Amino acid sequence: MKGGVLLEPKYKRVIIKLSGEALAGTTSHGIDTPTVQSICSQIKEVFELGVEIAIVVGGGNFWRGRSGEGMDKSTADYMGMLATCINALGLQDVLEEMDVPVRVQTAIEMKQIAEPYIRRKAVRHLEKRRVVIFACGTGNPFFTTDTTAALRAAEIDAEIILLAKSIDAVYDSDPLVNPDAVRYSELSYIDVLNQGLKVMDSTATSLCMDNHIPILVFGLNEPKNILRAIMGEKIGTIIQEV
């Protein structure tokens, strides 16, 4: 430690949860290449510090299960899972262009383009210094990719979930609508559940609580924020046992 700043990463193994919207950048749909390149350059910087990185990616930039009005819920959710796979392959391609070794694992088998999810194999990839991207959610309808992040974090013994958002922290209301919204620097899992704060869905929050997995919510748009989070700087909102 030098001047109160950690010189080594605080965390050895992490889950980074990226929403599909984060990959769309300022556009409303699809993948924005400069945005993805910026995100991947931050991931590479952290990877080169020796941190073991797994990524859970959403699919909202292409499709959300709730978008299928009038559709069978399971069918709509499966379509959303396929959307996450598109994003995972896009991230893989950009990271590989940056010479970062990557493996995509999917909860729904599609062996022509990615590996099926096998917990032991995912852990082995991490130990061999490969980034692992988890796609297709849990493979089950009625579960979000937030829940996937919590589940995979528990399965691979990740030390923390880095929840990268479009806003810089958790607020008691939408700061874009309410200029007097209260910003939280620290919350307990129970606070999130009792106040109905829209951080992660309740299933994901409860799973993190039961498995003692902290969640750090921070803004993705600020340069170096992934690195700052890994180094243990006080950014965003930390959700943990208090």
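Reader: In this predicted model, over the ring of which residue does the charged end of Arg152 sit?

Author: The residue in question belongs to the loop between S4 and H4, and Arg152 is also listed among its contacts, next to Gln105, Thr106, Ala107, Ala122, Phe134 and Glu155. The charged end of Arg152 is placed 3.7 Å from the centre of the ring, and that ring is the one of Tyr117.

Reader: How many aromatic pairs does the structure hold, and at what angle do the planes of Tyr117 and Phe134 stand?

Author: The count of aromatic pairs in the structure is 1. Its two rings, those of Tyr117 and Phe134, have centres 5.5 Å apart, and the pair is edge-to-face because the planes stand at 85°.

Reader: How many residues apart in sequence are the parts that this pair ties together?

Author: Tyr117 comes from the loop between strand S4 (115–116) and helix H4 (119–127), whereas Phe134 is in strand S5 (residues 131–135). The pair therefore ties together parts whose separation in sequence is 17 residues.

Reader: Are Tyr117 and Phe134 buried or exposed, and what are their relative accessible areas?

Author: The cut-off for buried is a relative accessible area under 20%, and Tyr117 meets it with 18%. Phe134 likewise counts as buried, with a relative accessibility of 2%.

Reader: Which residues make up the two faces of S5, and how many of its residues are buried?

Author: One side of S5 carries Val131, Ile133 and Ala135 while the other carries Val132 and Phe134, and both faces are covered. The strand is largely enclosed by the rest of the structure, because the number of its residues that are buried is 5 of the 5.

Reader: Which residue of S5 is the bridge partner of Val56, and which is that of Val104?

Author: S5 runs parallel to S2, to which 3 bridges join it, and it also runs parallel to S3, with 5 bridges between them. On the S2 side the partner of Val56 is Phe134, and on the S3 side the partner of Val104 is Ile133.

Reader: In which order do the strands of the open sheet follow one another, and which are its edge strands?

Author: The sheet has 9 strands with mixed pairing, in the order S4-S3-S5-S2-S1-S6-S10-S11-S9. Two of these strands pair on one side only, and the edge strands are accordingly S4 and S9 (186–187).

Reader: What angle does the direction of helix H3 make with that of S5?

Author: Helix H3 (residues 73–97) packs on the sheet and touches S1, S2, strand S3 (102–106) and S5. With the direction of S5, the direction of H3 makes an angle of about 165°.

Reader: How many bridges does S1 form with S2, and how many with S6?

Author: Strand S1 (residues 13–18) is mostly covered, with 6 of its 6 residues buried; Arg13, Ile15 and Lys17 lie on one side, and Val14, Ile16 and Leu18 on the other. Val14 has Ile53 as its bridge partner in S2 and stands opposite Ile160 in S6, while Ile16 stands opposite Leu162 in S6. S1 runs parallel to both neighbours: with strand S2 (residues 52–57) the number of bridges is 6, and with strand S6 (residues 160–165) the number is 5.

Reader: Is Arg130 buried, partly exposed or exposed, and which residues is it in contact with beyond four places in sequence?

Author: Arg130 is found in the loop between H4 and S5, and its relative accessible area of 21% makes it partly exposed. Leaving aside the neighbours within four places in sequence, the residues in contact with Arg130 are Phe47, Ile53, Pro101, Arg103 and His125.

Reader: At what distance from the ring centre of Phe47 does Arg129 lie?

Author: Phe47 is one of the contacts of Arg130. Arg129 lies over the face of the Phe47 ring, and its distance from the ring centre is 4.1 Å.

Reader: Over which residues does pLDDT stay under 50?

Author: For the protein the mean pLDDT is 92, and 96% of the residues reach 70 or more. There is nevertheless a stretch for which the model has 4 contacts beyond four places in sequence, and where pLDDT stays under 50: residues 1–6.

Methods
Residues are numbered from 1 along each chain as its sequence is written. This is a predicted model: local features need pLDDT of at least 70, side-chain atom pairs count only at pLDDT 80 or more; totals for chains, interfaces and linings use all residues. Side-chain values use heavy atoms; hydrogens and water are left out. Rings of Phe, Tyr and Trp (its six-membered ring) pair if their centres lie within 6.5 Å; planes under 30 degrees apart count as stacked, over 60 as edge-to-face and the rest as tilted. Helices (H or I, at least four residues) and strands (E, at least two) are DSSP runs, numbered from the N terminus. Buried means under 20% relative accessible area, exposed over 50%, partly exposed in between (1.4 Å probe, protein chains only). A charge sits over a ring if NZ of Lys or CZ of Arg is within 6 Å of the ring centre and within 35 degrees of the ring normal. pLDDT is the predictor's confidence in each residue, from 0 to 100. Contact means heavy atoms within 4.5 Å. Two strands pair if DSSP finds at least two bridges between them. Axes are lines fitted to C-alpha atoms, for helices over the stretch in contact, and angles run from 0 to 180 degrees between N-to-C directions.
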